[in-house]
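Me: I'd like a close look at one part of this chain, with enough of the surroundings to place it. Here is what I have open.

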Amino acid sequence: MGSQVPLEGRGRDSGPLFSGVAPEIIEDTLIHLATENEQYLSELPEQAGCFKETRIVEFIFLLSEKWHLDQSTRYQAVELLERFLIKQVEQMCDDRGSTKGSTQGQRSSWSSVRDQITNTFVLRLVSCVQLASKLSLHYSELLESELAVLNTLHFHINVSTPLAYVELLLEVLGYNGCLLPAKPLHQMCVQLLDLCYLTRETIYDTLLKIAIENSTPSKLQIAKFLTVKEDFMLLAVGVISTGVFILSPGHWEQAVEHLNCITGITPQSILEFSYAVVRRIVGCTTPKQHRGTKSPQDRIPPQK
């Protein structure tokens with residue numbers, strides 16, 4: 001594994017090539033992604049994940065496939081649309097703040113917000129796909145609807161996607177001497193990442209129930225779990241772990257050990273995420289908690 005090819009902006013069919021990137025570049029990039037991820041989680045809005053329903057993600061994926069777009073484009077489009085819609089709702093609700101005094105006024109305000117979002121939803125979705133594509137292909141022309149998305153997001157759209165985390169971690173694994181089938185593993189990780197986007201609620205619902213050891217989480221536990229659902233580093237580590245388990249199970253423990261050393265995410269957390277993904281694919285029983293290991297899901301308080 002390892003390459004001279006940059007992690008971003010590759011063509012759809014070429015995929016990444018893994019060979020000797022300078023270790024200082026790998027380290028700097030990994031630190032940058034980790035810092036970006038932590039900052040995003042620290043500022044996470046309460047509505048995060050609300051606009052990642054399966055039908056929305058599937059629409060974006062199908063549109064990206066129809067237009068033969070780069071693999072990273074579809075993930076960036078999902079993230080752009082989610083962030084745009086959350087900010088749009090916030091702005092609309094702020095503009096209608098005068099209706100907060102009555103329940104009827106609140107209902108009327110939300111109905112108006114919902115209607116406005118519905119009327120432009122497909123247009124905004126297509127615009128986000130186009131913007132993500134232009135970021136990948138470095139196009140410069142922007143249409144009116146795309147400018148609306150850009151203005152709402154204050155032109156801050158070039159954020160890293162989970163695929164960037166996956167590819168960088170694969171690069172680090174290769175540099176650290178973890179013997180894995182580079183190209184097949186990358187292809188498997190992309191398929192698993194698609195699955196995690198398309199069946200997001202099912203996978204994370206399983207993960208939450210494992211974390212709290214209870215099938216009926218409280219509202220507080222669900223709220224605390226939001227940072228887990230939006231953690232790109234955890235998602236990338238879980239996808240790679242699952243890919244190794246499927247393609248090269250003999251190397252799985254070694255890969256988990258390396259991923260733990262690289263990211264600080266515990267082996268138990270990696271196991272739990274892989275289990276949630278595999279269960280979505282084939283179905284099985286809940287794994288037991290190993291002693292002496294703690295996971296990011298420890299952010300969730302026990303149910304009283």
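Before zooming in, how much area does the chain expose, and what share of it do carbon and sulfur atoms supply? After that, please take me through helix α12 (residues 252–263) and what covers its buried residues.

Reply: Sure. Keep in mind that this is a predicted model. The chain exposes about 15600 Å², and 54% of that comes from carbon and sulfur atoms. As for the rest of the backdrop, the chain has 304 residues, with 49% of them counting as buried. Its secondary structure is 13 helices and zero strands. Among contacts with a separation of 6 or more, 75% are between residues 24 or more positions apart.

Now to α12. The helix has twelve residues, and from its first C-alpha to its last it reaches 16 Å, close to the 16 Å you'd expect at 1.5 Å a residue. Its buried residues are Trp252, Ala255, Val256, His258, Leu259 and Ile262. They all sit on the same side of α12, because the arc they cover around the axis is only 165°. Flip to the face turned away from that buried side and you get the exposed residues Glu253, Glu257 and Cys261. Right after the helix, Gly264 takes a positive phi of about 85°.

So what sits over the buried side? The cover includes α1 (23–42), α6 (162–175), α11 and α13. A good place to see this is Val172, which lies in helix α6. Leaving aside residues up to four places away in sequence, Val172 touches Ile26 and Ile262. The C-alpha atoms of Val172 and Ile262 are 8.1 Å apart, although 90 residues separate the two along the chain. Val172 counts as buried because its relative accessible area is 7%, and buried means under 20%.

Two of the covering helices, α11 and α13, are also worth a look from the outside. There is a nonpolar surface patch of about 440 Å², made by Phe245, Ile246, Leu247, Ile281 and Val282. Helix α11 (residues 232–247) gives the largest share of that patch, three residues. Val282 belongs to the segment after α13 (267–281). With a relative accessible area of 61%, Val282 is exposed, since the cut-off for exposed is over 50%.

For contrast, here's a buried spot elsewhere in the chain: Thr73, in helix α3 (residues 71–95). Its relative accessibility is 1%, so Thr73 counts as buried. Setting aside residues up to four places away in sequence, its contacts are Val129, Ala132, Ser133 and Ser136.

One last thing, on backbone angles, following on from Gly264. Most residues other than glycine have a negative phi. Two residues here go the other way. His68 has a positive phi of about 55° although it isn't a glycine, and it lies in the loop between α2 (54–66) and α3. Glu213, also not a glycine, has a positive phi of about 55° and lies in the loop between α8 (200–212) and α9 (219–224). As for accessibility, His68 counts as exposed at 60%, and Glu213 counts as exposed at 63%.

Back to your helix, then: α12 has a buried side covered by helices including α1, α6, α11 and α13, while Glu253, Glu257 and Cys261 are exposed on the face turned away from it.

Notes. Residues numbered from 1 in each chain as written. Predicted model: local features only at pLDDT ≥ 70, side-chain atom pairs only at ≥ 80, totals over all residues. Heavy atoms only, no water. Patch = residues over 30% accessible without salt bridge, like charges linked within 9 Å, V, L, I, M, F, W, Y side chains within 5 Å. Areas by Shrake-Rupley, 256 points an atom, 1.4 Å probe, with all protein chains shown as cover. Salt bridge = Lys/Arg side-chain N within 4 Å of Asp/Glu carboxyl O. Helix = DSSP H or I, 4+ residues; strand = E, 2+ residues; numbered from the N terminus. Buried < 20%, exposed > 50% of the residue type's maximum accessible area, 1.4 Å probe, protein only. Contact = heavy atoms within 4.5 Å. Expected span 1.5 Å × (residues − 1). Arc of directions from axis to C-beta.
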